[in-house]
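Work through the exercises below with the structure in view. Try each task before reading its solution.

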Amino acid sequence: MKQGKVDALLGIVFGDEGKGKVVDVFTPRYDVVARFAGGPNAGHTIIFEGKKFVLRSIPSGIFDEDKINVIGNGCVIAPDLFMAEAHELEAAGYNLRNRLHISKRAHLILPTHRVLDRAYEAAKGKNRVGTTGKGIGPTYSEKASRTGLRVGDILEGFDAKYAALKARHEQILRNLNYTDYDITEEERLWLQGVEYMRQFQLTDTEIELNRYLAEGKNILAEGAQGTMLDIDHGTYPFVSSSSTTTGGVCTGLGVGPSSIGEVFGIFKAYSTRVGAGPFPVELLDETGDRIREIGHEYGAVTGRNRRCGWVDLVALKYAIMVNGVTQLIMMKSDVLDGFETIRACVAYQKDGQRVTDMPYDTQGWTAVYQDLPGWQEDLTQMTAEEQFPEAFRNYIAFLEAELHTPITIISVGPDRAQTIIRNR
Ligand code: IMP
């Protein structure tokens, strides 16, 4: 039998590219949907049968009764938030129990990890990262320092392991003089969440996934965050703490590189960033406000304003390179309707120096733009590529030529139907 493939669907800029919508369009093509990195810092908004869901840890294949959903070993999971997310889905009539498998090797986010996240941010002062406060950094740090708790620990001797780790965290917090917190209620829900998780299949998902591949099943690896937030390739130290790139698919699911098929890179027709850190294309003016307003650019998890700017080809080229992107997906093109001129960042400059390759330190660079004519038509009404106005076609052709990668899917509105698959 022909071996199955793992296709990766990755945000390739700063996250929030609209992966939720695309996964929804993609899931019918796959047998399994798997998350390989990140945790409840993600917020994949999906509108299904008229109801809006924000998925944080649970894969987007959950709405389709036939799909197996996997939370892989590269993820971190907060039992209380997982329980709340699962309850919401169950209340809406989706059965999760036999269709959601969680890796025993995924790490647990403790209530005290969240306190540590806040404490570390406070200690950084003006150099803070602007994290989502979900305990992501402290949990991955602990994974690397080999002191973390894993999902598999729930199954044996959990209470003692939990008490020991919590005590260690409390000691660190005392050392940091960060003692003004109360996790009593949070911990109660968290422990309930741990009990609740026992009802799920806590398994060796890497073995399971490779068995599926051997059976010829195809897997969609659903990315979280984006390449520029990757722990290795992002704008360090203003990054998340996981591997959000194609490499992270292999380590975060336990599948070999030869099983990777297509790598879909998702980006928006413009750029956004949540949290602190360099963002050379940022527009601190009316244009930025206009993009935020039209694009509803407010964080799905934290509700924060997203910083907005024009498309960044320096970042996109870098992301296509480190991920081996084979196809691009452009989201929210309609947000640019009505602009007289569209700009694209083609280089960065600083102190008389100009670069087109992503620099080691992205601090202090400003964008060099190429201007293109905008379009006045309403893209949301268009159902086929042939209807696109000339200026929009030119924008697409320009991006494809600069990025040396085809844009095969174009989204022109929030609805599933407003997704144009190009004939190529
Ligand atoms: P953390 O992942 O909570 O540690 O946050 C680190 C950085 O990544 C912050 O700038 C966050 O705003 C950003 N971040 C984390 N998750 C997401 C996401 O899903 N979308 C966009 N930004 C994110």
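**Exercise 1. Place serine 242 and decide whether serine 242 is buried or exposed.**

Step 1. Serine 242 sits in the loop between strand S10 (219–222) and helix H8 (246–253). Helices (H or I, at least four residues) and strands (E, at least two) are DSSP runs, numbered from the N terminus.

Step 2. The relative accessibility of serine 242 is 3%, so serine 242 counts as buried. Buried means under 20% relative accessible area, exposed over 50%, and partly exposed in between (1.4 Å probe, protein chains only).

Step 3. Leaving out residues up to four places away in sequence, serine 242 touches Ala37, Gly38, Tyr140, Gln225, Leu229, Asp230 and Ile231. Contact here means heavy atoms within 4.5 Å.

A note on the source: the model is predicted, local features need pLDDT of at least 70, side-chain atom pairs count only at pLDDT 80 or more, and totals for chains, interfaces and linings use all residues. Residues are numbered from 1 along each chain as its sequence is written, and side-chain values use heavy atoms, with hydrogens and water left out.

**Exercise 2. Describe the surroundings of the ligand.**

Step 1. The ligand is surrounded by 16 residues (a heavy atom within 4 Å). Asp16, Asn41, Thr132, Ser240 and Arg304 are the closest.

Step 2. Find the polar contacts, pairs of N or O atoms within 3.5 Å. A polar side-chain atom of asparagine 41 is 2.9 Å from an oxygen atom of the ligand. Glutamine 225 places a polar side-chain atom 3.2 Å from a ligand nitrogen atom.

Step 3. On its own, the ligand has 470 Å² of accessible area, and the protein covers 95% of this (Shrake-Rupley method, 1.4 Å probe).

**Exercise 3. Which residue forms a salt bridge with aspartate 80, and where do the partners lie?**

Step 1. The partner is arginine 114, with the closest N and O atoms 2.5 Å apart. A salt bridge is a side-chain nitrogen of Lys or Arg within 4 Å of a carboxyl oxygen of Asp or Glu.

Step 2. Aspartate 80 is in helix H2 (residues 79–91) and arginine 114 in helix H3 (residues 111–124), so the pair links distant parts of the chain, 34 residues apart.

Step 3. Aspartate 80 counts as buried because its relative accessibility is 9%. Arginine 114, at 6%, is buried too.

**Exercise 4. How many salt bridges does the whole structure hold?**

Step 1. A search finds 24.

Step 2. One of them joins glutamate 90 and arginine 97 at 2.9 Å, N to O. Glutamate 90 has 24% relative accessibility, so glutamate 90 counts as partly exposed.

Conventions:
Polar contact = N/O pair within 3.5 Å; in protein donor to acceptor, adjacent residues only side chain to side chain.
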